Amino acid sequence: MLLGFWFSPFVKRVEWALKFKGIEYDYVEEDLTNKSTLLLTSNPIHKKVPVLLHNGKPIAESLVIIEYIDETWKRNPILPQDPYERAMARFWANFIEQKVTKSTKEALVSQGEQQEKKVKELKEAMDVVEGEAKAKLNDKTLFFGGGNGVGYVDIVLGWTCNWMETIEEVGGFKVLDPESQPQFHKWMANFREVPFIKPTMEPKEKLVEFFRMLRQDRLGLVANK
């Protein structure tokens, strides 16, 4: 059973991992304004989604869940089998979390000089991602998972294909650029077309509405402090 919320890119990662493995699961949509007892008892530390319940045991945090899924169901490996390549995949997943995901979220809910700082950090991070894409991807290798196709880094980075453009629009800034990030944009186009990914992409209009409310709420809280 997967506890989630429709807009969460972290929940989507877990969904993609389960679908990649061909694992059937029950999905429970959470109301984050009125969190269920199941969520609060399953993740008492952070009280957040996603939470995977397997054999009655809860696992929280998207990256932890993905590794648990990969270790529990051996078919269709998500992480590389080679120890060095596995370590590098974890390195890039951590980089994406700390430098891309975090900076994007902070740019969305800030303004003025603070937002400019976060956007600058995000652009620098995306330059690094583009460099890695140029080094790893080509006409034969479409994904960071290499010969196995979609892999760990793809799943962790996949939220950018649907969420980042929407956040740019709502936040009033621009980071994605096909001219300076050609290989990354090719990767995004290929990732969006993966059969088990494509149906899971949320409509942009729905995301825009949600992120506008989120930005207004967060900026309002800052203004009232």
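How much space lies in the largest cavity? About 50 Å³. This is a predicted model, where local features need pLDDT of at least 70 and side-chain atom pairs count only at pLDDT 80 or more, while totals for chains, interfaces and linings use all residues. Residues are numbered from 1 along each chain as its sequence is written, and side-chain values use heavy atoms, with hydrogens and water left out.

**The cavity and the pockets**

Rolling a probe the size of a water molecule over the atoms shows where empty space is left. Here the search runs on a 1 Å grid over the protein atoms alone: a cavity is a set of points where a 1.4 Å probe fits but cannot get out, and a pocket is an open set with protein on both sides within 12 Å along at least five of seven lines. Lining residues have an atom within 4 Å of a point. Grid points are joined across faces, edges and corners, and a volume is the space filled by probe spheres set on the points.

Searching the whole structure turns up one cavity of 30 Å³ or more. Around the largest cavity sit Trp 92, Ile 96, Val 129, Glu 132, Phe 144, Val 153 and Leu 157. Helices H4, H5 and H6 each give at least two residues to that lining. (Helices, H or I with at least four residues, and strands, E with at least two, are DSSP runs numbered from the N terminus.)

Now for the pockets. The largest one has a volume of about 1200 Å³. It has 35 lining residues, and Phe 7, Ser 8, Phe 10, Lys 48 and Lys 105 are the closest to its centre. H1 (9–21), H3 (62–72), H4 (83–108), H7 (163–171) and H9 (204–223) each supply at least two lining residues, and H4 gives the most, with seven.

The second largest pocket holds about 300 Å³ of space. Of its 23 lining residues, Pro 80, Glu 85, Phe 144, Gly 145 and Gly 146 are the closest to the centre. Two or more residues come from each of H4, H5 (112–136) and H6 (152–157), with H4 giving the largest share, four residues.

Here is how the linings divide by class (Ala, Val, Leu, Ile, Met, Phe, Trp, Tyr, Cys and Pro count as nonpolar, Asp, Glu, Lys and Arg as charged, and the others, Gly among them, as polar):

| Lining | Nonpolar | Polar | Charged |
|---|---|---|---|
| Largest pocket | 17 residues | eight residues | ten residues |
| Second largest pocket | 13 residues | seven residues | three residues |
| Largest cavity | six residues | no residues | one residue |

**H4 against H5**

The axes of H4 and H5 come within 8 Å and cross at roughly 150°. Axes are lines fitted to C-alpha atoms, for helices over the stretch in contact, and angles run from 0 to 180 degrees between N-to-C directions. The two helices are therefore roughly antiparallel to each other; angles under 35 degrees count as roughly parallel, over 145 as roughly antiparallel, 65 to 115 as roughly perpendicular and the rest as oblique.

In the contact (heavy atoms within 4.5 Å), H4 residues including Trp 92, Phe 95 and Lys 99 meet H5 residues including Leu 122, Val 129 and Glu 132. The contact residues divide into ten nonpolar, three polar and five charged.

**Two backbone details**

Val 49 and Pro 50 are joined by a cis peptide bond, with omega about 5°. Pro 50 is in the loop between H2 (37–42) and strand S3 (51–54). Glu 61, a residue other than glycine, has a positive phi near 75°, and its place is in the loop between strand S4 (57–60) and H3.
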